[in-house]
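Trainee: I am new to this structure and would like a close look at a single part, namely the folded region that holds the sheets. Please take me there step by step, starting from the annotated regions of the chain, and go slowly.

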Amino acid sequence: MADQTAVTDTDATPRPHSEELEFVYNGGDSAELARHLTWRSLISRLPKLVRRSFALAWAVDRRSTIALLACQVISGLLEALGLFATTAALSALIQSASDPAHLTAALPSVLMLAATAGLRAILGIAIQGLSNRLGPRIAREAEYRMLHAATGAEMAAYDHPGFDDRYDKADRGVEVSRDMIGESQNLVSSAATLIAAAVVVGALAPVLLPLLVLTALPQALASVAGERVTYLATLRTFRDRRMLNMLRWYLSHKDQADQIRTDTLASYLLDKYRASGVRVDRTVDEATWQRAKISLVGSAVSGLAAALMWAGVMVLLGTGHIGAAAAGTLVFALRSASGGLHGIVGYGADLMRTGRYMDDWESFIDEAAGQRLDRGALTPDRPRQVALHQVTYRYPEAESDTLRKVDFEVRQGEIVAVVGENGSGKTTLMKLLCGLNLPTAGLVTWDGISTRDLDPYALWKECAVVPQEFARWPMTARENITLGQPQPDGDAAVHRAAAASGADAVITVLRSGLGTLLAREWWNGQALSSGQWQRIAVARAIHRDAGLLVMDEPTSDLDARAEHLIFTGLRALAKDRAVVLVTHNLANTAVADRIVVMEGGRVTAQGTFTELTARPGLFRDLWLLQQDRMTPAAQEDAAR
Ligand SMILES: Nc1ncnc2c1ncn2[C@@H]1O[C@H](COP(=O)(O)OP(=O)(O)OP(=O)(O)O)[C@@H](O)[C@H]1O
């Protein structure tokens, strides 16, 4: 049964140390935030939230924001005017019952009523239109700021636990940001209605004002309590909702589609999906029920207060404190005021909810800003020497160092190969060389200047990197090679780079050559094989013509011919570049001037291919293992 589907391994033998697939929530102490979700703190936050939403609106479209505010104020004034006109009209109409001559006296007030109602209707349309105009622009601005913060952060920010969680929450903030201006506008409009009506009530029967407040207070309190319940439920379901998102991606994305089928994994993952969904529904149901109970109590108490208020009107009328016309106006004003009060409570609650997500958005931007690329401004030349001096690197929150006191050097014109077993720190070393990460201790220098002191964007202009997991941009083949940064001789440079990487053979068979879209899934472009993509990725790095060329397993998917082409072409590339190469295929390291061997985050040996294959050590061991393959006949001989 779905309800009983556990998110555990169905393996019969218990494995005490098997880790459950479960997201660790690292998005900040939201439970603490929920504890502070009190009536008082919320009330004090409302003006701030309204200010924030108008500030965002101001940033995207000043004229519309001014127009919106002006319409609000005028609409509020017209409402007050309309209510006063109601008093005059009612008074004249009541008096006309005894003397019909008074009927004409009602005419100006009736005309005033009609005019204010008409004008308010027109203003309402303008307000709606302006809100609709501002909403999407605000959302785009919020998204832009979030993306700007993310792309401007140090790479290490992504390695901090919680960065992804916070990004997810901020993303939700972006989604709801478009509602913020509408909610703020409705809140201001309700406040204007309330003030206008309260002025009239205050003028006619001030004693009713406290009773008026009493009608809205219980509902306001219930609304805050209900919000808290919903927020806590959102927190409790956070892990399962992330799990659902993750599973949705794995279950539907093409990258895993083949393995889901051949590994007959679908039902196992779908069971996990259903189990998470059931847990989310259960928590949401509980919260909904709890909220309904709270709302019921709030509404009942509010209803009692309203009854008291209307009784007050009758007492005032009965005791002759107010006349019939004033009583009629009071009915209008009180209805209007309680509409305003309920609007404030309702839209206030909406704004609180949106504001909470916007807080996540703001704190993500602050956090990313705290990790903003804040380095020096020196501009490097094409580097003649890139070096690590006693460099130690530890990933954020990791328990041990990944690199330990590493010394390393590569010069222009030189090819250095870095080899080592999986997890020995080769990729980490590459990231430090090209300034993606800064060392925890020690120095990484470009021609003697620390990467901390160099302008990172100027430094990256001098880096060409083929990472293990390279991007497959949904763009044309040309754009995939130039990355929007063409060389002065345009396509000629693209063709040269393509010829050096073997990508020319790929481009030749593309239906529109360099202009072919390589984005099959999205725009019906042409699909490439993994090896064809890798040729494009290598062409991209060669085309860049940067002083430091870093290639991390650049030929892992290539056939022997393409791999041969790239490695035999490296010497020509190294003429005016420093080349660093990571490879597990040790035969390829023969082209290097020097080979650096890494073990457990340390450099344990250096030398030429001839020296290292002759000397006992890890390199020689790995080299011999790569030669150790027997034909089936030899295996049979050995078995005999
Ligand atoms: N983002 C990260 N956060 C924490 N630890 C990491 C991170 N990336 C890598 N590590 C750790 O650093 C160690 C070295 O990783 P690295 O990718 O540098 O190894 P490598 O030598 O390139 O391995 P491979 O040959 O498998 O590509 C690994 O043990 C890994 O656990």
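Mentor: According to UniProt, in an unreviewed entry, the annotation "transmembrane region" covers residues 66–94, 106–127, 187–214, 220–238, 296–318 and 324–349, and as you compare these spans with the coordinates, please keep in mind that the model is predicted. Two of the spans can be set side by side: residues 106–127 are 100% helix and 0% strand, with end C-alpha atoms that lie 31 Å apart, while residues 187–214 are 89% helix and 0% strand, with end C-alpha atoms that lie 19 Å apart. In the neighbourhood of that second span, helix α6 (residues 163–204) packs against helix α7 (residues 208–236) at an angle of about 145°, and their axes are 9 Å apart. On the side of α6 the contact is made by Ala198, Val201 and Gly202, and on the side of α7 by Leu208, Leu209 and Leu212, so that by class there are five nonpolar residues, one polar residue and no charged residues in it. UniProt also lists, again from an unreviewed entry, residues 66–353 as "domain: ABC transmembrane type-1", and in the model that span is 91% helix and 0% strand.

From here we can move to the part you asked about. The domain assignment gives domain 1 as 34–370, domain 2 as 378–462 + 547–640, and domain 3 as 472–545, and the C-alpha centres of domain 1 and domain 3 lie 51 Å apart.

Let us begin with the open sheet of four strands, whose order is β2-β1-β4-β5 and whose pairing is antiparallel. Strands β2 (403–411) and β5 (449–450) stand at its edges, and because each has a single partner strand, one side of each is left without a neighbour in the sheet. Strand β1 (residues 385–393) is joined to β2 by six bridges in the antiparallel sense; along this pair, Gln385 has Arg411 of β2 as its bridge partner, and Ala387 stands opposite Glu409 in β2. Strand β1 also runs antiparallel to β4, to which five bridges join it, and here His389 has Leu443 of β4 as its bridge partner. Across β1, β2 and β4 (441–446) lies helix α12 (residues 426–433), which runs at about 125° to β1.

Helix α12 matters for the next step of our tour, as it gives the largest share of the shell around the ligand, three residues. The residues that surround the ligand are Asp159, Tyr395, Ala398, Thr402, Gly420, Asn422, Gly423, Ser424, Gly425, Lys426, Thr427 and Thr428. Sorted by class, this shell has eight polar, two nonpolar and two charged residues.

The other sheet to look at is an open one of six strands, in the order β6-β7-β8-β3-β9-β10, and its pairing is mixed. Its edge strands are β6 (463–466) and β10 (602–607), each of which pairs on one side only, and neighbouring strands of this sheet are turned by 20° against each other on average, with direction ignored. For an example of the parallel sense, follow strand β7 (residues 548–552) and strand β8 (residues 578–582), which pair over five bridges, with Val582 in β8 as the bridge partner of Asp552. For the antiparallel sense, turn to β9 and β10, which five bridges join, and where Val597 stands opposite Ala605 in β10. Strands β9 and β10 form a hairpin with two residues between them, and in the turn Gly600 has a positive phi of about 55°. This sheet, too, has a helix lying across some of its strands: α21 (residues 618–627) lies across β3 (415–420), β9 (594–599) and β10, and runs at about 95° to β9.

Terms used:
Residues numbered from 1 in each chain as written. Predicted model: local features only at pLDDT ≥ 70, side-chain atom pairs only at ≥ 80, totals over all residues. Pairing = 2+ DSSP bridges. Contact = placed C-beta atoms within 7 Å. Axes fitted to C-alpha atoms, helices over the stretch in contact; angles between N-to-C directions. Near = placed C-beta within 6 Å. Nonpolar A, V, L, I, M, F, W, Y, C, P; charged D, E, K, R; others polar. UniProt positions renumbered as here; feature names shortened; annotations may be inferred. Domains from an automatic or database assignment.
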